[in-house]
Amino acid sequence: MGQKIERDHQRFRKLVRGKVKSNLSKYISRGEMIGKKGKDLVSIPLPSIDIPQFRYGTKGSGGVGQGQGQVGQPLGPGQDENAGGAGDQPGGHILEVELTMEEMAQILGEELSLPRIQPRGKKNIVSSHDKYTGIRQTGPESLRHFKRTFKRALKRQISSNTYNPQVPIVIPIRADKQYRSWKEVQQPQSVAVIVYMMDVSGSMTDEQKEIVRIEAFWIDTWIKAHYKGVETVYIIHDAAAQEVDEHTFYHTRESGGTKISSAYTLADKIIATRYPPDAWNIYAFHFSDGDNWGDDIPHCLELLSDKLLPRLNLFGYGQVESPYGSGEFYEYIHEMLGERDNVVCSRIPDRDAILGSIKEFLGTGR
């Protein structure tokens, strides 16, 4: 019975995965999964699927096929004088299923044919943890090995002829007690940090920010599937930059101008002080409408070439096109593609372009 339940469960999960894959573009563009994200699970609404069958209408309800029809009369239900008002029939049902973040990453990778990320060099941090490897005679009662203690006490009572099978009571003494022992194990853990930068000047609308939020969700999902530990840094900027929390990142809008170099300068400072490249895999993604103060562009390119790119596994620039932005910064980043293999840029005019943009960002395998 248990094996059948497990088979049915696996079959159901397979059907769910297929349904999600076939509708992945819709789920991504609508952002449905983000609002229902928990710590380790994502709740996904899946419409129920009904088996096709004939359904009979109400007797005497009229319609084509009953009474006289006219040339050109459309096929459909007849006119009911009592139409309108509250109905008494059940509507369609939405089934919500939960998938782990690992499953979501697998679905994304399979649908977009994404290569596995290869951590750069030996970028890892060595952590230690306790591993229980043996038995000792002393220790805290919380680590007492009950089964071994019981067997030892039973052997002692049998050998001393104090064990009575008719009254099978086994009472351990101090000499019988056995305790689990442990040793400290060094374990390397690949770690990564994702630095998100976003233009929050007046030319960036709420719709552009929602596109960024959706893309960041999938970038997080994919990168976190490849590392033991991932930290996230959020930087917003207009003419000046500041580090903020996630909520502020997506809900701040300023009215000032735009100076992209302020974000790159702050990102460089944070990386230099908190995330040394010899210990961290570093990813940076910048989202903007491409509008920038003209005299600032040479400084941006200098910061990227000399400071950021030598430290980064990947730098992604996403241009969420706005009716108010000039969009010219994209061309400068695009020119760097042939010179640097860890640079990716993508145009994201609307939500329908999100899936293709995610593939551009994550398709490098870096």
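Biologist: Which residues of helix 8 meet helix 9?
Modeller: In helix 8, Ile260, Ser261, Tyr264, Thr265, Ala267, Asp268 and Ile271 meet His299, Cys300, Leu303, Leu304, Lys307 and Leu308 of helix 9 (contact means heavy atoms within 4.5 Å; helices are DSSP runs of H or I with at least four residues, strands E runs with at least two, numbered from the N terminus). This is a predicted model, with local features needing pLDDT of at least 70 and side-chain atom pairs 80 or more, while totals for chains, interfaces and linings use all residues. Residues are numbered from 1 along each chain, and side-chain values use heavy atoms, without hydrogens or water.
Biologist: How do those two helices cross, left-handed or right-handed?
Modeller: Left-handed (the near helix is turned anticlockwise from the far one by less than a right angle; clockwise is right-handed). The axes of helix 8 (residues 260-274) and helix 9 (residues 297-308) come within 9 Å and cross at roughly 20°, so helix 8 and helix 9 are roughly parallel (angles under 35 degrees, on a 0 to 180 scale between N-to-C directions of lines fitted to C-alpha atoms over the stretch in contact).
Biologist: And helix 6 with helix 11, what angle there?
Modeller: About 40°, with the axes of helix 6 (residues 206-224) and helix 11 (residues 354-362) 10 Å apart. Helix 6 and helix 11 are therefore oblique, and their crossing is right-handed.
Biologist: Which residues meet in that pair?
Modeller: From helix 6, Ile211, Ile214, Glu215, Trp218, Ile219 and Trp222 meet Ile354, Ser357, Ile358, Phe361 and Leu362 of helix 11.
Biologist: New topic: how many salt bridges?
Modeller: Eight, counting a Lys or Arg side-chain nitrogen within 4 Å of an Asp or Glu carboxyl oxygen. One joins Glu243 and Arg274, whose closest N and O atoms are 3.1 Å apart. Glu243 is in strand 7 (residues 241-244) and Arg274 in helix 8, so the pair ties together parts 31 residues apart in sequence.

Conventions
Parallel < 35°, antiparallel > 145°, perpendicular 65-115°, else oblique.
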